[in-house]
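Me: Please take a close look at the surroundings of the ligand in this structure. I should like a connected account, with the rest of the protein brought in for context.

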Amino acid sequence: MHILAEKIQQQDMRALARAITMIENDHEEKLELMSDIFSIQKKAHHIGITGSPGAGKSSLINRLLTHLRSKDLTVAVIAVDPTSPFSGGSLLGDRTRMNQHFLDPGIFIRSMATRGSLGGLARATKDTIRVCDAYGFDVILVETVGVGQSELDIMKVVDTTGLVLTPNSGDVLQIFKAGIMEIADLFVINKADLPGVVKLKATLEEYMMIAQPKGWHPLIVKTISTENKGMEELWQGMTSHYDYLYETDQGEKRRQLQLRLEVYELIREEIWRDVKIKIEKETGKLKQLEDPAADPYELARSWYQGWKGERG
Ligand SMILES: Nc1nc2c(ncn2[C@@H]2O[C@H](COP(=O)(O)OP(=O)(O)O)[C@@H](O)[C@H]2O)c(=O)[nH]1
Ligand SMILES: [Mg+2]
């Protein structure tokens, strides 16, 4: 077994941090490490927290973190929001509280580096979740801004997704259009101290009437992060979703679907690498680009057919 995997299993936090850096940098030992990491039994409840910038995700996570620690649960937080790195300080609330978190061995907080492509970030985040899992955390919280495909990709690997909305923000329509509504297992109305809560709740209920979700019916929870209110209700909602997943066959179905998508993703990477190498080795093909009338559709078709033909 890779030395880092061994150390992570023994709950060495520095090894955990080093492994994540290795993932971010696409280190040559990454696949070997990940394979060993994968073989370690997982047990964490993976929770995604998504929503527009400013909805209060970081504040909420900070409060939830404290709440979970009071229940003696260990927690890893992975922040994928490039606009609000946890290391920035202010986002974890006041400095005292932040320091308190950093001194606690039951907490691990990491912002994913924003370098690399967005797809790369999603991939790196999935691997980071796995490494935290191998370490043995009870709960893994992932913060992402719900804006694009890469966030949706990340949300596919968690058990429970909480979508954070705020009253009177006009978020809902945008989120609805982006297809993010459908991934919510839990609607969190944060900033419930502001006016418009009743209306937002009615809008969400209306949405569910139209969408008619099968099986799990998303819960609506109200929170006020700034006043530390609603955390127990939020946690209850999250655990009841988790219980639903594993008391029915939904959890197992979800696991298999995620695994399938991941295998597809890895195959896609492999095939593409193979095709690209072949094409670029054949100078004749690249020469075709010099033709001013070169048609990308035709070229793609014939180059791909050529690659397939060669494989017989
Ligand atoms: N009034 C009110 N403000 C909040 C609440 N939760 C967070 N905020 C504020 O909203 C702003 C954005 O919060 P932040 O956690 O950084 O949002 P994020 O971008 O979603 O992570 C900060 O100024 C918070 O203090 C809340 O429950 N009520
Ligand atoms: Mg944030």
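Reply: In this predicted model, a polar side-chain atom of Lys57 lies 2.7 Å from an oxygen atom of ligand 1. A second oxygen-directed approach comes from Glu143, where the separation between a polar side-chain atom and an oxygen atom of ligand 1 is 3.2 Å. Thr226 instead faces a nitrogen atom of ligand 1, with a polar side-chain atom 3.2 Å away. Taken on its own, ligand 1 has 580 Å² of accessible area, and the protein covers 73% of this.

The shell as a whole comprises 16 residues, of which Gly54, Lys57, Ser59, Asp193 and Ser225 come nearest to ligand 1. By character, eight residues of this shell are polar, four are charged and four are nonpolar. Helix 4, which spans residues 57-70, supplies three residues of the shell, the largest share.

The residue range of helix 4 also takes in Arg69, and this residue leads to another polar arrangement. The side chain of Arg69 makes a polar contact of 2.7 Å with the side chain of Asp104. Asp104 itself sits in the loop that joins helix 5 (95-103) to strand 3 (107-111). A polar atom of the Asp104 side chain also lies 2.7 Å from the backbone nitrogen of Gly106. Is Asp104 buried or exposed? Its relative accessible area is 18%, and because the limit for a buried residue is under 20%, Asp104 counts as buried.

Helix 10 offers a further element for inspection. It runs over residues 231-247, and its 17 residues should span 24 Å at 1.5 Å a residue; the end C-alpha atoms are 24 Å apart, so the expected and computed values agree. The buried residues of helix 10 include Trp235, Met238, His241 and Tyr244. Also buried in helix 10 are Met231, Leu234, Gly237, Thr239 and Leu245.

These parts belong to a protein with 13 helices and seven strands. Of its 312 residues, 45% count as buried. Among contacts with a separation of 6 or more, 75% are made by residues 24 or more positions apart. The protein exposes about 16700 Å², and carbon and sulfur atoms supply 55% of that area.

To return to the request, the polar side-chain atoms described around ligand 1 belong to Lys57 and Glu143 on the side of oxygen atoms, and to Thr226 on the side of a nitrogen atom.

Note on methods: Residues are numbered from 1 along each chain as its sequence is written. Chains are lettered from A and ligands numbered from 1 in the order in which they are written. This is a predicted model: local features need pLDDT of at least 70, side-chain atom pairs count only at pLDDT 80 or more; totals for chains, interfaces and linings use all residues. Side-chain values use heavy atoms; hydrogens and water are left out. Helices (H or I, at least four residues) and strands (E, at least two) are DSSP runs, numbered from the N terminus. Buried means under 20% relative accessible area, exposed over 50%, partly exposed in between (1.4 Å probe, protein chains only). Contact means heavy atoms within 4.5 Å. Accessible areas come from the Shrake-Rupley method with a 1.4 Å probe; for residues, only the protein chains shown count as cover. A residue is near a molecule or strand if one of its heavy atoms lies within 4 Å of it. A polar contact is a pair of N or O atoms within 3.5 Å; within protein, one must be able to donate a hydrogen and the other to accept it, and residues adjacent in sequence count only if both atoms are side-chain atoms. Ala, Val, Leu, Ile, Met, Phe, Trp, Tyr, Cys and Pro count as nonpolar, Asp, Glu, Lys and Arg as charged, and the others, Gly among them, as polar. The expected span of a helix is 1.5 Å times one less than its number of residues.
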